[in-house]
Structure formats: C-alpha cells, structure tokens
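Good morning, colleagues. Please take a moment to look at the sequence and the structure on the screen before I begin.

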Amino acid sequence: MPPPPVPKKKHERGVVTVTVVAARNLRDCERFGKMDPYVTVRLDDDSRSTAVVNAGGRSCKFGDMLVYHVEERPTSLFVDVFDKEKVGKDDHVGSGAVSLAGKKIVGTPLKATVALDEDAGEVDLQVSFEHDG
C-alpha cells in the first residue's frame, strides 16, 4: 500500500501592513539632548524602517505604515529600535519579536505591544494581512 499523499502547502500570498504606532520608556542613549528614535521591522529577509522622530525622546508617536508583499503569511516579525546619530553609527536601543502564529490578522488589525530586550522599552504595533486576489 503506498504512503498517504503529502498535503500541499497552502500558499497565502498577500500584503502585510505593519503600523508602528508609538514607543514608550526607551532606554536613553543620549548624554545630551533628546533621542532621535526610529524603528526597523523585519519580516523574513525584508526590513523596513520608520522615519526618524527628531527629538522624540524616550516616548514618542510614529504612525508610520510599513507594507510588505509576501509569498506566505508570516508567523513572526522582528523589531529593532535605533537612535539616529548625526555622526557615526546609530545607537541600537533594543530588539523584540512578535509571534503571529495562530493570531487573527486578516480583516481586523492585531494590536501588539513588543517588549524590547533588557528593559529597553516597548513598541506598539498594529499588524494586518490581506490576501492577494
């Protein structure tokens, strides 16, 4: 008797929209003045960044929408927060991740708060997925 057929993986090609709403209680990387934070969100190998909030400080609002065209519905996304520097390398504030596995993100956006590592703050996101076609 032949083995049972392997089910074909259902492709869920579509568009993921991540809205970076705000950041709170960010670890301060500045000795003088206020931080100039921005957020980078990575889905698989595709990384996109918000605009820099000049003098945004430790808590600021973004409102930036990052749009990703994907071949498969994502199971997680990764967040990094940086402090923009005028000279030299930007300071890394912290990193975090959101599991999307089993979460309803089709139709109604998922609201998520990402806790950054080492108590470096939090980032509020909204994530949605729309099928192509």
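I shall speak about a few strands, one aromatic pair and several individual residues. Please bear in mind that this is a predicted model.

Let me begin with strand E2. Six of the seven residues of E2 are buried, so the strand is mostly covered. What does E2 pair with? On one side of the discussion is E5, which runs antiparallel to E2 and is joined to it by six bridges. E3 is likewise antiparallel to E2, with four bridges between the two. Val41 illustrates both pairings: its bridge partner in E5 is Val79, and in E3 it stands opposite Arg48.

E2 and E3 form a hairpin with two residues between the strands, and there Asp44 adopts a positive phi near 55°.

I turn now to the aromatic rings. How many aromatic pairs are there by the rule applied here? The count comes to one. That pair consists of Tyr38 and Phe82, whose ring centres are 5.4 Å apart and whose planes meet at 20°. Because planes under 30 degrees apart count as stacked, this pair is classed as stacked. The pair links distant parts of the chain, since Tyr38 belongs to strand E2 (residues 37-43) and Phe82 to strand E5 (residues 76-83), 44 residues apart. Both Tyr38 and Phe82 are buried.

A further ring deserves mention, that of Tyr68. The charged end of Arg48 sits over the ring of Tyr68, at 5.1 Å from its centre.

Next to Arg48 in our discussion comes Ser47, which is found in strand E3 (residues 46-49). Is Ser47 buried, partly exposed or exposed? Its relative accessibility is 42%, so Ser47 counts as partly exposed. Leaving aside residues up to four places away in sequence, Ser47 touches Thr40, Val41 and Arg42. As for Asp83, 36 residues from Ser47 along the chain, the C-alpha atoms of the two are separated by 17 Å.

Finally, I should like to consider Thr17, in strand E1 (residues 14-24). Why is Thr17 classed as buried? Its relative accessible area is 15%, and the class requires a value under 20%. With residues up to four places away in sequence again set aside, Thr17 touches Met65, Leu66 and Val67, as well as Gln126, Val127 and Ser128.

Thank you for your attention.

Conventions. Residues numbered from 1 in each chain as written. Predicted model: local features only at pLDDT ≥ 70, side-chain atom pairs only at ≥ 80, totals over all residues. Heavy atoms only, no water. Buried < 20%, exposed > 50% of the residue type's maximum accessible area, 1.4 Å probe, protein only. Contact = heavy atoms within 4.5 Å. Phe/Tyr/Trp six-rings, centres within 6.5 Å; stacked < 30°, edge-to-face > 60°. Lys NZ or Arg CZ within 6 Å of the ring centre and 35° of its normal. Pairing = 2+ DSSP bridges.
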